[in-house]
Amino acid sequence: MSEDLICPAASAYVDQALATWDKKRSKLATKYLGRGIRKELNNQFKIPTMFPQVAVLATVTEQPDVTISLFHAFLEEIKHLREITFMGYETAGPFRWCAEQLNLTGYEDFFDETIEYNGFRRLPASENITRHITGDPYMNMDWLGTVEEPAPTWVRSPVPRLDHLLRDMCITATYRQYPYFNDLGWRLDDFDAELREDARFARARLGFTPDMPTFPENPEIHLPEGMTRMPPLKWFT
């Protein structure tokens, strides 16, 4: 087996997620996944990017079973690790946001992992969070538009712009959970407001009403045997 591939148990959950995906739910969402999505999700090096991005997409298109399967795939892949890098924790932030939106309270609590900062250097939030849905339309050439009206760049190229939006949502969710690098002066409410408008914008472009529905609370959580929390963080990597 290639060293780049995720473990068989994780791969089985990827298969489950893709088998559960409703291709008719949103034409743009399904087009975004494309024919190569299985290969991307089975690549270890894509875990910090594609796992959370597809989970966010499944969340805003109201497909909790897909999101949960991706949670399980991630947990199977990390369950034997004694420690993980910050890239692994970057997955936890978006996963927590997804769990919040879907009212999966057990997973929300699990991914609400507190870590202690010890001097690790990372780009400040202002250099990573640049395409604000809540911001000034003239502040950035990559501005995506408003909930009511997308920017011309979105209309011309919706798939790459959707990729930008999903990536931005994951980055914002990460900085929201780990505020050590927040030089924007944002409070938790500001991060929540940006993510809420991001989700409303995404849903409007994907063919849904902008506001997320309220899901019934689901406290169930299924973890790999012997796993009770995320592995400790290895900062210096």
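This is a short talk about the rings, the pockets and one buried alanine in a single protein chain.

Okay, hi everyone. Before anything else, please keep in mind that this is a predicted model.

Let's start with the overall picture. The chain has 237 residues, and 50% of them count as buried. How many helices and strands are there? The secondary structure comes to 11 helices and zero strands. So if you read along from the N terminus, every element you meet is α. As for contacts, take those in the chain with a separation of 6 or more: 77% of them are between residues 24 or more positions apart.

Now, the rings. Searching the whole structure turns up eight aromatic pairs. Let me show you Phe71 and Phe95: their centres are 4.8 Å apart with 55° between the planes, and that pair is tilted. What does the pair tie together? Phe71 is in helix H5, residues 64-78, and Phe95 is in helix H6, residues 86-102, so the pair joins parts that are 24 residues apart in sequence. Are these two buried or exposed? Phe71 has 0% relative accessibility, so Phe71 counts as buried. Phe95 also comes out buried, because its relative accessibility is 0%.

Phe95 has another partner, Phe74. Here the ring centres are 5.5 Å apart and the planes sit at 85°, which means this pair is edge-to-face. Again we have a link between distant parts of the chain, with Phe74 in helix H5 and Phe95 in helix H6, 21 residues apart. Phe74 is buried, like Phe95.

Zoom out a little and you get a cluster: ring pairs connect Phe71, Phe74, Phe95, Tyr107, Phe110 and Phe111.

While we're in helix H6, have a look at Ala92, which is found there too. Ala92 is buried, because its relative accessible area is 0%. What does Ala92 touch, once we leave aside neighbours within four places in sequence? The answer is Phe111, Gln177, Tyr178 and Met230. You'll remember Phe111 from the ring cluster. And Phe74? Ala92 and Phe74 are 18 residues apart in sequence, with 9.6 Å from C-alpha to C-alpha.

One more ring before we move on. Over at Phe201, the charged end of Arg205 sits over the ring, 4.9 Å from its centre.

Right, pockets. How do you look for them? Rolling a probe the size of a water molecule over the atoms shows where empty space is left. The largest pocket holds about 420 Å³ of space. It has 16 lining residues, and Gln44, Ile47, Ile78, Leu81 and Thr85 lie nearest its centre. Which elements give two or more residues to that lining? They are helix H4, residues 47-60, plus H5 and H6. By class, you have eight nonpolar, five polar and three charged residues lining the largest pocket.

The second largest pocket has about 250 Å³ of space. There are 13 residues in its lining, with Trp97, Gln101, Arg196, Ala199 and Met212 closest to the centre. H6 and helix H11, residues 188-206, are the elements giving two or more residues to this lining. H11 provides the largest share, five residues. And the classes? Six nonpolar, one polar and six charged residues line the second largest pocket.

So, to pull out a thread: helix H6 carries Phe95, holds Ala92, and gives two or more residues to the lining of the largest pocket and of the second largest pocket. That's my tour, thanks for listening.

Technical notes
Residues are numbered from 1 along each chain as its sequence is written. This is a predicted model: local features need pLDDT of at least 70, side-chain atom pairs count only at pLDDT 80 or more; totals for chains, interfaces and linings use all residues. Side-chain values use heavy atoms; hydrogens and water are left out. Rings of Phe, Tyr and Trp (its six-membered ring) pair if their centres lie within 6.5 Å; planes under 30 degrees apart count as stacked, over 60 as edge-to-face and the rest as tilted. Helices (H or I, at least four residues) and strands (E, at least two) are DSSP runs, numbered from the N terminus. Buried means under 20% relative accessible area, exposed over 50%, partly exposed in between (1.4 Å probe, protein chains only). A charge sits over a ring if NZ of Lys or CZ of Arg is within 6 Å of the ring centre and within 35 degrees of the ring normal. On a 1 Å grid over the protein atoms alone, a cavity is a set of points where a 1.4 Å probe fits but cannot get out, and a pocket is an open set with protein on both sides within 12 Å along at least five of seven lines; lining residues have an atom within 4 Å of a point. Grid points are joined across faces, edges and corners, and a volume is the space filled by probe spheres set on the points. Ala, Val, Leu, Ile, Met, Phe, Trp, Tyr, Cys and Pro count as nonpolar, Asp, Glu, Lys and Arg as charged, and the others, Gly among them, as polar. Contact means heavy atoms within 4.5 Å.
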